[in-house]
Amino acid sequence: MSYQAPLADIRFVLNELAGLSEVAALPGYEEVNPELVDAILEEGAKFAANVLAPLNRVGDQHGNKLNDGVVTTAPGFKDAYSQYVENGWGTLHAPVDFGGQGMPSLVATAIEEMWKSSNMAFSLCPLLTLGAIAAIEHHASDDIKATYLPKMVEGVWTGTMNLTEPQAGSDLAQVRSKAVPAGDGTYKISGQKIFITYGEHDMSENIVHLVLARLPDAPAGVKGISLFVVPKYFVNADGSLGARNDLKCVSIEHKLGIHGSPTCVMSYGDNGGATGWLIGEANRGLSYMFTMMNAARLGVGVEGMGLAEAAYQKAVAYARDRVQSREVNSPNPASVAIIKHPDIRRMLMTMRALVEAERALTYFACGALDKAHRHPDAREQQKWNAVVGFLTPIVKAWNTENSSRIASLGVQVHGGMGFIEETGAAQFLRDARISAIYEGTTGIQALDLIGRKTAAEKGYTAQALLAEVEGVVGQLNAAGLSDLGAALGKALADARSTTSYVVEQFEGKPREVAAGSVPYLELMGLTLGGWQMGRAALIAKQKLADSQGDAAFYEAKLTTARFFGAYLLPQTSSLAQVVLHGGESVLALAEEAF
């Protein structure tokens, strides 16, 4: 079974939950209309199914080859990327001033989901290029923008982010790469960077590296890090490519998954220093890089959700085809498709409910991002910016943790065949595992959520979102969906009590609160995902009452939402207990153990 974009589900979320019409009404999006968006979705679905999906297995089996600093990607990847560029996909969300189409984040996210589902390894190259474009657009000089952005937006040049080093990991205060002024406005960059996705490859004409390094007089710690643009090939005054810069890939990592994506160890300055140009002001590199990282964190959340969708599709197809054992409590001794068995149904419904909740919450966050950037009212911009800030660590971490869970369930649905590589279910599990690590681990996202996003603002945005949840609880009860309303109401109470605890206790007991930060993030993911599922149920019920659209589709939406309420939302109760009472126990027991 090959991946097919779930266009009906995507359109439902775009139009009914994420507010596409509201986004299209924002300044700068006047040309965005349902017909245009539908056309984009249809073409994206074809590219994902016909070009990217067939290469997913190829990339996993062949990987990349490194020979004397040159990386050759898996068969078909280079041609697929050429088609990606020729079809203008890289320009979709890129800035209009540099040749992009300037589509809303919300629309671009729907397309990104298709790339992630069909071929996660391939999708990482465009993801990082978009992040690099954003960092340069927001912080670089006009000369640097003019030199690099048109080609990066077109897609013929790709971009990377070079943050960490062997001794640093997630602690970027430990970065040691050097940047020495050359006296002509450029800098000589030296040092080694690790985990550089698509740091070297054969798909584009040039690779534009964004590199964190320290100036000779830089203060210690994160306040002494600057950001530099360091191209693989120099760019001549006429825009043509010149000589090779002093940088190279010295090795590619042998990874658990995403074999089609080259993860490189990059060495800068082995022959006197790679030439780089300072972006923005000295010693502000980390804050500039966060422009790229915040966009990437939402993108990784889309990645987790998209891969989970693909794992779900494969599991459903297998469960419908695989015939094994008689149906429980049936007088007929004949074997039936395993989709008839209760536990298989439980697993498939869990996968589907989580994917639908993730998609709704993710798209809602991306619609909020568009409002934060384009709303004409500054107060509305501020409000939506806070919403995006609060939702980003949840979307990133909740989606990606669930991605591994969903992919694992997919293997389980396949039984023994899931453990055999040829079926393809295992690849989703291997590929999914990195997502919860990329762009800050789940623990880092949870600390960001309890600290900067909750305690620092006294829970204001969290409680504002929970007030929206309360409104949906009332609507569910009034609409005769009291089972879902009751479940969401209990989750709401858990979310409110734990949010108050985080706000009240963070300053005095930061370690205890931090010990429960991941359960708090999961609790908020379930509650806010349940909020979106409740909204979906209300809309589906009304569509059915009005006899609008495909009745079977809306019945399925109601069923999935009610399953989410019955089977998944009750988990907030145990999570709340861990947040409220488990922190001190965790620390005490860990002290004894370690």
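A pocket here is an open set of grid points with protein on both sides within 12 Å along at least five of seven lines. By that yardstick, the largest pocket in this predicted model holds about 1200 Å³ of space. Below is a quick tour of the pockets, the enclosed cavities and the nonpolar cores.

**Largest pocket**
- Lining this pocket are 39 residues, and His138, Thr291, Ala295, Leu369 and His373 sit closest to its centre.
- Five helices each give two or more residues to the lining: helix 5 (105-118), helix 6 (120-139), helix 8 (285-321), helix 9 (342-374) and helix 10 (378-414).
- Helix 8 gives the most, with 9 residues.
- Sorted by class, the lining comes out as 18 nonpolar, 13 polar and 8 charged residues.

**Second largest pocket**
- Next up is a pocket with a volume of about 940 Å³.
- Its lining has 37 residues, with Phe195, Ile437, Tyr438, Glu439 and Gly440 the closest to the centre.
- Helix 6, strand 5 (187-197) and helix 8 are the elements that give two or more residues here.
- Helix 8 again turns up as the top contributor, this time with 5 residues.
- The class split for this lining is 21 nonpolar, 8 polar and 8 charged.

**Cavities**
- The structure has 5 cavities of 30 Å³ or more, and the largest of them has a volume of about 140 Å³.
- That largest cavity is lined by 14 residues, with Tyr84, Trp89, Glu112, Trp115 and Leu130 nearest its centre.
- Helix 5 and helix 6 are the elements that give two or more residues to this lining, and helix 5 gives the most, with 5.
- If you sort the cavity lining by class, you get 9 nonpolar, 3 polar and 2 charged residues.

**Nonpolar cores**
- In soluble globular proteins, nonpolar side chains tend to be buried together.
- The largest nonpolar core here takes in 172 residues, and Met114, Leu210, Phe390, Leu528 and Phe564 have the most contacts inside it.
- Helix 8 supplies the largest share of that core, 18 residues.
- Setting aside neighbours within four places in sequence, Leu210 is in contact with a list of residues including Ala132, Ala135, Ile136, Met161, Leu227, Ile279, Met289 and Met292.
- Thr160 and Asn162 are also among the contacts of Leu210.
- A second, separate core has 18 residues, among them Val71, Leu215, Phe228 and Leu247.
- Phe228 also appears among the contacts of Leu210.

Technical notes: Residues are numbered from 1 along each chain as its sequence is written. This is a predicted model: local features need pLDDT of at least 70, side-chain atom pairs count only at pLDDT 80 or more; totals for chains, interfaces and linings use all residues. Side-chain values use heavy atoms; hydrogens and water are left out. On a 1 Å grid over the protein atoms alone, a cavity is a set of points where a 1.4 Å probe fits but cannot get out, and a pocket is an open set with protein on both sides within 12 Å along at least five of seven lines; lining residues have an atom within 4 Å of a point. Grid points are joined across faces, edges and corners, and a volume is the space filled by probe spheres set on the points. Helices (H or I, at least four residues) and strands (E, at least two) are DSSP runs, numbered from the N terminus. Ala, Val, Leu, Ile, Met, Phe, Trp, Tyr, Cys and Pro count as nonpolar, Asp, Glu, Lys and Arg as charged, and the others, Gly among them, as polar. A nonpolar core is a set of buried Ala, Val, Leu, Ile, Met, Phe, Trp, Tyr and Cys residues joined through side-chain atoms within 4.5 Å. Buried means under 20% relative accessible area, exposed over 50%, partly exposed in between (1.4 Å probe, protein chains only). Contact means heavy atoms within 4.5 Å.
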